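Work through the exercises below with the structure open. Try each task before you read its solution.

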Amino acid sequence: MMLDAHIVASMRCVVRCVWVASLLLGACTPPTLAGTDLGATDAPDFTLTDGVSGRAVTLSAQRGQVIALTFLYTTCPDVCPLTATRFRAAQTELQADASRVTFIAVSVDPDRDTPKAVQDFSAAHGLASNWYYLVGGRAQLSPVWAAYGIGVQAGSSTVTHNDAVYLIDARGRERVLLHSEDLAADLANDLRALLKS
């Protein structure tokens, strides 16, 4: 009888230790993210001008924040307004955690993305807090496009470009690449996961 009680006590101890170990291991496991895994390499740095505030914004100065980085133009008829709407929806869905995420758009249309156009676009999509829409001349923007693999072809009224959204963790590392069709299902969940890691 005494031996049985000892065995039961030992088994409880083993079960408790396994449970604690699994909790600790689970806490150390990197989050599972939707989209294309980018291997946690450092995000290429750049400095551009925010068309909304007129201030210089450097990507590396955003460390400590999770970043959603995309490439837009203000007169886009389809994907760009959809991306902006998804960014706003993610801010709403994240609630209090939204202050720990910075949303950044880089212009792909240096000729038409004037500060006024960027301000109007941002206001129309309810983007103000933790939001930058970066503009510049072609000479300033082209190296950023190249660093992120963004192909840009300007037409008379439209610009053809990739619909990439890069999610960058608080340490400044590229973690995952999403596309416009992924945003509704995956953007807020991926941002939440990065905030926890």
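Buried means under 20% relative accessible area, exposed means over 50%, and partly exposed lies in between (1.4 Å probe, protein chains only). By that rule, 41% of the 197 residues of the protein chain count as buried. This is a predicted model: local features need pLDDT of at least 70, side-chain atom pairs count only at pLDDT 80 or more, and totals for chains, interfaces and linings use all residues. Residues are numbered from 1 along each chain as its sequence is written, and side-chain values use heavy atoms, with hydrogens and water left out.

**Exercise 1. Take stock of the fold.**
Task: State how many helices and strands the protein chain has.

Solution. Helices (H or I, at least four residues) and strands (E, at least two) are DSSP runs, numbered from the N terminus. The count is five helices and 10 strands. Next, look at contacts, meaning heavy atoms within 4.5 Å. Among contacts with a separation of 6 or more, 74% join residues 24 or more positions apart.

**Exercise 2. Explore the core.**
Task: Find which residues touch the most other members of the largest nonpolar core.

Solution. Start with the term: a nonpolar core is a set of buried Ala, Val, Leu, Ile, Met, Phe, Trp, Tyr and Cys residues joined through side-chain atoms within 4.5 Å. The largest one has 55 residues, and Phe 46, Leu 69, Phe 71, Val 106, Tyr 148, Leu 167 and Leu 191 touch the most other members. Helix 5 (residues 183–196) gives the largest share of this core, seven residues. Now zoom in on Phe 46. Leaving out residues up to four places away in sequence, Phe 46 touches Val 57, Thr 58, Leu 59, Leu 69, Val 106, Leu 134, Val 144 and Tyr 148.

**Exercise 3. Place strand 6.**
Task: Decide whether the faces of strand 6 are covered or open, and name its partners.

Solution. Strand 6 spans residues 131–135, and five of its five residues are buried. In a regular strand the side chains alternate between the two faces of the sheet. Here, Trp 131, Tyr 133 and Val 135 sit on one side, Tyr 132 and Leu 134 on the other, and both faces are covered. Then check pairing, which requires that DSSP finds at least two bridges between two strands. Strand 2 (residues 47–50) is antiparallel to strand 6, over two bridges. Thr 49 has Val 135 as its bridge partner. Strand 5 (residues 101–107) runs parallel to strand 6, with four bridges. Ala 105 stands opposite Tyr 133.

**Exercise 4. Check the backbone.**
Task: Say where Ala 40 and Asn 130 lie, then inspect phi.

Solution. Most residues other than glycine have a negative phi, and most peptide bonds are trans. Ala 40 lies in strand 1. Its phi is positive, near 60°. At 28% relative accessibility, Ala 40 is partly exposed. Asn 130 lies in the loop between helix 3 (115–124) and strand 6. Phi of Asn 130 is also positive, near 50°. Asn 130 is partly exposed, at 26%.

**Exercise 5. Follow a loop glycine.**
Task: Which residues does Gly 35 contact, leaving aside its neighbours within four places in sequence?

Solution. Gly 35 lies in the loop between helix 1 (2–28) and strand 1 (36–42). Its contacts are Val 176, Leu 177 and Leu 178. Gly 35 and Leu 183 are 148 residues apart in sequence, and 9.6 Å apart in space, C-alpha to C-alpha. Gly 35 is partly exposed because its relative accessible area is 47%.
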